Amino acid sequence: MSNAWLSALDQLEEAAAFMKLEPALLEVFRSPKRILQVAIPVRMDDGDMEVFTGYRVHYSIARGPAKGGIRYHPDVNLDEVKALAMWMTWKTAVVGIPYGGAKGGVQVDPRRLSDGELERMTRRYASEILPFIGPEKDVPAPDVNTDERIMGWIMDTYSVNKGYSVPGIVTGKPLAIGGSMGRGGATSRGVLVVTNSALKQMGLQQDGLRVAIQGFGKVGGFAAQLFHDAGFNVVAVSDYKGGVYNPRGLNPSALMRYKEGRDTIADFPGADALSNEELLELDCDVLVPAALEDQITEANADRVKAKLVVEAANGPTTPAADHILDSRGIPVVPDILANAGGVTVSYFEWVQDIQAYFWTEDEVNARMRDVMQKAYENVRSLAEEHQVRLRLAALAIGIGRVADAHRVRGLYP
Ligand code: NAD
């Protein structure tokens, strides 16, 4: 069983006890609504065929269509997808958007594939999950190692099968086919919004605060730029190959340029090398994990020196580590709140697609900021009222809203 799934279940049990959730609903929430596993045969460039395993999990559709990203990674497995789908369910509820929760993934190292192989695999995966997805059923989006190009292929595959263009089938797609302004940077922008809210609550001035970011992908890379532009001092970043550190501050746009063609920022000149483990324990003010699950664990939580942890990634902190950080007085803005800016703007994209009426970037960003600030405020006030961690408060709000949907809908038949 993957740690992510155990973490997700552990969080659910803790929140259910805190909320005094009725046992019948807890039983419902312990399992996904439905699971699809698919075999994806792909013609490789050398003429051979390879078969990849893919998944799509609908955790809940109680509050609206299932919604969640698609991950391509060699470690993808059903338990991980289930955990990510459960977190999506609480996340859409915490920010109050009318979706359930889903996730998908293919067990593959996409770095090993040519562009043609990647496209054929994506189109075949999309075809295999086709009966499961749809603008009113389940709306996929990008996650680790997937991007707007891949969303474009999925939109096209779905549309060709239907015989007409269906932009609302995925979010995070290119602007030319119904993408939204501001979707690319939305998760990172939301991370900055909640970081500022948390710092204000802690009475810390943001100017010059030192930020360390693990993961320099779509979320971490753009977050580095935004933090830098907002006056923070981004002292360290890392990716799958390692990290770099400069106490005087790194220049995110120079890092972006360095990454082009290399696929990594490791060995970036003008900075010291540092490992991912060292980055997590770095002397800094704000630590932003923006890579994968299970990074802050029982093994390193007592060495984290940051004053604040903001979870841009899903599931980066294990439950045991979460309690250690709490006992050390280090607040954690939890994933289901901190990185919800992405799904919020995905929701805006879907709304724009359905209405065939598109908003300006300023409108998108301003509405996302409102949603995130309001969600943060709700979570903060519940946490303060009961003197509990932000995570427990966020879970209680998210799970509570899904529970309400079940209660008013009743049980069929
Ligand atoms: P991405 O594929 O664009 O980037 C992932 C980054 O993590 C890359 O820089 C990669 O090199 C790095 N990485 C991979 N393995 C690592 C390791 N072992 N140690 C350190 N770094 C490692 O993915 P992304 O979309 O930026 O997603 C990052 C995290 O944010 C994931 O947890 C994802 O679920 C979460 N998230 C993404 C979005 C979104 O809109 N893309 C929204 C919400 C949450």
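Modeller: Two strands pair if DSSP finds at least two bridges between them, and strands (E, at least two residues) and helices (H or I, at least four) are DSSP runs numbered from the N terminus. What you see is a predicted model, where local features need pLDDT of at least 70, side-chain atom pairs count only at pLDDT 80 or more, and totals for chains, interfaces and linings use all residues. Residues are numbered from 1 along each chain as its sequence is written, and side-chain values use heavy atoms, with hydrogens and water left out.

Biologist: Okay, in what order do the strands of the open sheet run?

Modeller: The sheet is open and has seven strands, with mixed pairing. At its edges, β9 (272–274) and β12 (332–333) have a single partner strand each, so one side of each lacks a neighbour in the sheet. Reading across, the order is β9-β8-β7-β6-β10-β11-β12.

Biologist: Let's look at β10. Which residue in it stands opposite Val-211?

Modeller: Val-211 falls within strand β6, residues 210–214. β6 and β10 run parallel and are joined by four bridges. Opposite Val-211, in β10, stands Val-286.

Biologist: And which β11 residue stands opposite Leu-287?

Modeller: Strand β11 covers residues 308–310, and its pairing with β10 is parallel, over two bridges. Opposite Leu-287, in β11, you'll find Val-309.

Biologist: Moving on to β12, what is the bridge partner of Val-310 there?

Modeller: β11 and β12 run parallel too, with two bridges joining them. The β12 partner of Val-310 is Val-333.

Biologist: Are the residues on the two faces of β10 buried or exposed?

Modeller: Strand β10 is residues 286–289, with Val-286 and Val-288 on one side and Leu-287 and Pro-289 on the other. The scale is relative accessible area: under 20% is buried, over 50% exposed, and in between partly exposed (1.4 Å probe, protein chains only). Each of these four residues counts as buried.

Biologist: Now the ligand. How many residues surround it?

Modeller: Count those with a heavy atom within 4 Å of it. Asp-143, Asn-145, Thr-187, Lys-218 and Asn-314 are the closest. Domain 1 (31–167) and domain 2 (186–338) each supply at least three residues of the shell. The count is 22.

Biologist: How far is a polar side-chain atom of Asn-314 from an oxygen atom of the ligand?

Modeller: There are backbone atoms to look at as well: a backbone N or O atom of Gly-217 lies 3.1 Å from a ligand oxygen atom, and a polar backbone atom of Ala-312 is 3.5 Å from one. For the side chain of Asn-314, the distance is 2.9 Å.

Biologist: What share of the ligand's exposed area does the protein bury?

Modeller: Taken alone, the ligand exposes 830 Å². With the protein around it, the buried share is 88%.

Biologist: Any backbone oddities? Which peptide bond is cis?

Modeller: Most peptide bonds are trans. Look in the segment after α14 (390–409), where Pro-413 is found. With omega near 0°, the cis bond runs from Tyr-412 to Pro-413.

Biologist: What is the phi of Lys-20?

Modeller: Lys-20 sits in the loop between α1 (3–19) and α2 (23–29). It counts as exposed, at 72% relative accessibility. Lys-20 is not a glycine, yet its phi is positive, about 55°.

Biologist: And what is the relative accessibility of Gln-387?

Modeller: Gln-387 lies in the loop between α13 (361–386) and α14. Its phi is positive, about 55°, although it is not a glycine. Gln-387 counts as exposed, with a relative accessibility of 68%.

Notes. A polar contact is a pair of N or O atoms within 3.5 Å; within protein, one must be able to donate a hydrogen and the other to accept it, and residues adjacent in sequence count only if both atoms are side-chain atoms. Accessible areas come from the Shrake-Rupley method with a 1.4 Å probe; for residues, only the protein chains shown count as cover. Domain bounds come from an automatic or database domain assignment.
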